[in-house]
Amino acid sequence: MTLSWIARLLQFSRDGDTFVVPQPPSGVGDRLFGGLIAAQALAAAGATVEEAKHPQSLHLYFVRGGDYGVDVVLEVERIRDGRSFDTRRVTATQRGATILEMIASFHVPEPAQDWHPVTEPGVEFEAAVPKTPAIAFADCFDIRTRPDDDSAFAIPPFWARSRTDIEDDPLIRACTLTYLSDIGPVPVAGPPGSDIDDPTSFAASLDHAVWFHRPYVPTAWHRYEVRSLNNSDSRGLVVGSLYDAAGTLIASTTQEALWRV
């Protein structure tokens, strides 16, 4: 069986609750894509949890930039095993230095009231145009952005779907969503008038969180909305929402980014 692009990125060697995952030989710039390390850390945490419990949320800090072509070691700590929830801490290191710290929670699905507020889309699918961002880590997705997005990135709101099938596995699909969720927040987190393409500015993710509300189908079109909440102290805070084509809220995100202009 041929593995999907995300499943290939989640292949580990394992010794107890220690996981080692090789990194791609190259990417964009010198730093590993944060969404990749976040997805790998979630996968390692999920490998220590029974299959009946699905990802509920994750909260992480990008402690320092990672390098392409260098193995990442993921140490999973079993914080709690409960009847309904399990909690895991993951520390990701390269060359003995910590690059990411994550806390992830897993939950047995429960029947309950299902509700979320209805919101108007920032861009309708019919109005969005195909775009190929000049960033290698986004090439596994079809992306449609606003016609006026002329940046090298994909700036939300945008529509996205996986170009190829993803395994029908809740953990792998949550890892795919986690990977996607880190495409877009940094440009939105910039202060008014900032330009992500300006070579004199510097921007980097500081922390990131995802709440998984409903099942995610990676090959279906989803709309990612991200809005700015604050800029101060060279930091920008944004909140994101991922919707399916019917307008159902699939996941929520937050991220704070360092922005020096």
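1. Leu237 sits in strand β12, which covers residues 235–244, and the model in which this residue is described is a predicted one.

2. As for its surroundings, Leu237 is partly exposed, because its relative accessible area of 28% falls between the limits of 20% for buried and 50% for exposed residues. Once neighbours within four places in sequence are set aside, Leu237 is in contact with Arg227, Ser228, Leu229 and Asn230, and also with Gln255 and Glu256.

3. A longer distance from the same residue can be given as well: Pro55 is 182 residues away from Leu237 along the chain, and the C-alpha atoms of the two are separated by 24 Å.

4. Turning to the protein as a whole, its secondary structure comprises 13 strands and 4 helices. Among the contacts with a separation of 6 or more, 68% are between residues that lie 24 or more positions apart.

5. On overall dimensions, the radius of gyration of the protein is 18 Å, which agrees with the value near 18 Å that a compact globule of 261 residues would have. The C-alpha trace spans about 50 × 45 × 40 Å along its principal axes.

6. With regard to burial and surface, 50% of the 261 residues in the protein are buried, while the area that the protein exposes comes to about 12600 Å², of which carbon and sulfur atoms supply 51%.

7. Finally, on charge, the protein carries 35 negative and 22 positive side chains, and the centres of these two sets lie 3 Å apart.

Note on methods. Residues are numbered from 1 along each chain as its sequence is written. This is a predicted model: local features need pLDDT of at least 70, side-chain atom pairs count only at pLDDT 80 or more; totals for chains, interfaces and linings use all residues. Side-chain values use heavy atoms; hydrogens and water are left out. Helices (H or I, at least four residues) and strands (E, at least two) are DSSP runs, numbered from the N terminus. The radius of gyration is taken over C-alpha atoms; the globule rule is 2.2 Å times the number of residues to the power 0.38. Buried means under 20% relative accessible area, exposed over 50%, partly exposed in between (1.4 Å probe, protein chains only). Contact means heavy atoms within 4.5 Å. Accessible areas come from the Shrake-Rupley method with a 1.4 Å probe; for residues, only the protein chains shown count as cover. Lys and Arg count as positive and Asp and Glu as negative; His and the chain ends are not counted. The place of a charge is taken as NZ of Lys, CZ of Arg, CG of Asp or CD of Glu.
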